[in-house]
There are 2 protein chains.
Amino acid sequence: MRKARNVSPTPARERALRRLEDLCREHGERLTRPRRAVLATLLSARRPLSAYELLDLLRAEDGKSTAASVYRTLDFLRALGIVHRLESTRSFVLCEHLEGPHWVQFLICRRCGQVVEAEDERIAAATERLGQRLGFALDQRIVELTGVCEGCRASAACHWRPGAR
Amino acid sequence: MRKARNVSPTPARERALRRLEDLCREHGERLTRPRRAVLATLLSARRPLSAYELLDLLRAEDGKSTAASVYRTLDFLRALGIVHRLESTRSFVLCEHLEGPHWVQFLICRRCGQVVEAEDERIAAATERLGQRLGFALDQRIVELTGVCEGCRASAACHWRPGAR
DNA sequence: CTATATTTGATACAAAGTATCATCTGCGCC
DNA sequence: GGCGCAGATGATACTTTGTATCAAATATAG
């Protein structure tokens, strides 16, 4: 009766939840219902969600999430490295690189909203070098590249007007 | 009586205002009082300001700024490229590179709040390359690198506790 | 100086995020 | 399997950040 019926029990979902379980054990953190629920919801959305979109989806399931609890849980999952916040759109996505800590870059299509998570060695090296050159010991690197993806460029080509964004 | 008395008429201030004047003429935009005021305030603060910090400072001068007008003006100055928004701290800074359009990176010290604006050719090239590789025509690149600056590392060295942020 | 298209100021509101604290619960231990 | 309790949650209230609307004011071309 309280089960999440409209969240598909796909292999991807099982994998993500298992990963969360492992990470919690590894870090000596508790695996709780809201943590599972946020992860599963973010996974099944398959796109970035604002904290309040996420809140609405969670409430549809369990009825007792709040803004505070959603933000707390998102902070937790971010600390584990399995959720990222897109600063430029104030939204949250599931991390696509499930192995270890890493520096990622996001490419965001301003037409369709598609987000690609990349792990580019050259950018990692260049930012590290810049940090060193300017005397900074870096511990966080936000790289968000916005533009128009291939598909959108193709499909919008004939309707293109210079003024439009 | 209505003049901004506690804003120093430094050469830097004159230069920035002249630049704003030029840009407005160039783009066929109006040079208005709030636009000058926001620029001058941001300049004299010499650090990133949140929109509401800026609002408070402006109100101390003219008494009739509002959140809406501040955001409008910031959007305007950002479109001209002379103000940047730091996504990671939700604050606004005057651009340090006053010549032409450009891609910049920010280095932010999480201890003292110092912000350095860089224009690194390697990062520019690497991000462009990544965009091409993934089929994105990029038009905006947010690069914000957070860490601890040289001065703070030096001065905090003896008090350092691993747990502290 | 005048005409007018833009911008502003005022108001109200929406969205995003945080603080506090009593209650509940995951999980290590028996 | 059940107990105890550190740590997490839910509830509430609040702060910060950002937008929409529209009548009144004003920067600039002529």
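Reader: Let's start with helix α2 of chain B: how do I read its length against the expected span?

Author: Compare the distance between its end C-alphas with what 1.5 Å a residue would give. Keep in mind that this is a predicted model. Here α2 (residues 33-45) of chain B has 13 residues and reaches 18 Å from first C-alpha to last, close to the 18 Å expected.

Reader: And what happens to the backbone just after α2(B)?

Author: Look at phi there: R46(B) takes a positive value of about 55 degrees.

Reader: Which residues of α2(B) are buried?

Author: Buried means under 20% relative accessible area. In α2(B) that picks out R35(B), V38(B), L39(B), A40(B), T41(B) and L42(B). Their cover includes α1 (11-27), α3 (51-62), α4, β1 (83-86) and β2 (91-94) of chain B.

Reader: Now the DNA. How many residues surround strand D, and which are closest?

Author: Count residues with a heavy atom within 4 Å of the strand. There are 17 around DNA strand D, with R30(A), T32(A), R72(A), Y71(B) and R85(B) the closest. By type, the surface near strand D has eight charged, six nonpolar and three polar residues. α2 (33-45) and α4 (67-80) of chain A, plus α4 (67-80) of chain B, each supply at least two of its residues.

Reader: What parts of strand D lie within 4 Å of the protein?

Author: Split the strand's atoms by kind: 53% of those within 4 Å belong to sugar or phosphate, the rest to bases. For individual atom pairs, a polar side-chain atom of Y71(B) sits 2.6 Å from a phosphate oxygen, and a polar backbone atom of K64(A) is 3.5 Å from a phosphate oxygen. On the base side, R30(B) places a polar side-chain atom 3.4 Å from a base oxygen.

Note on methods. Residues are numbered from 1 along each chain as its sequence is written. Chains are lettered from A and ligands numbered from 1 in the order in which they are written. This is a predicted model: local features need pLDDT of at least 70, side-chain atom pairs count only at pLDDT 80 or more; totals for chains, interfaces and linings use all residues. Side-chain values use heavy atoms; hydrogens and water are left out. A polar contact is a pair of N or O atoms within 3.5 Å; within protein, one must be able to donate a hydrogen and the other to accept it, and residues adjacent in sequence count only if both atoms are side-chain atoms. Helices (H or I, at least four residues) and strands (E, at least two) are DSSP runs, numbered from the N terminus. Ala, Val, Leu, Ile, Met, Phe, Trp, Tyr, Cys and Pro count as nonpolar, Asp, Glu, Lys and Arg as charged, and the others, Gly among them, as polar. The expected span of a helix is 1.5 Å times one less than its number of residues. Buried means under 20% relative accessible area, exposed over 50%, partly exposed in between (1.4 Å probe, protein chains only). Contact means heavy atoms within 4.5 Å.
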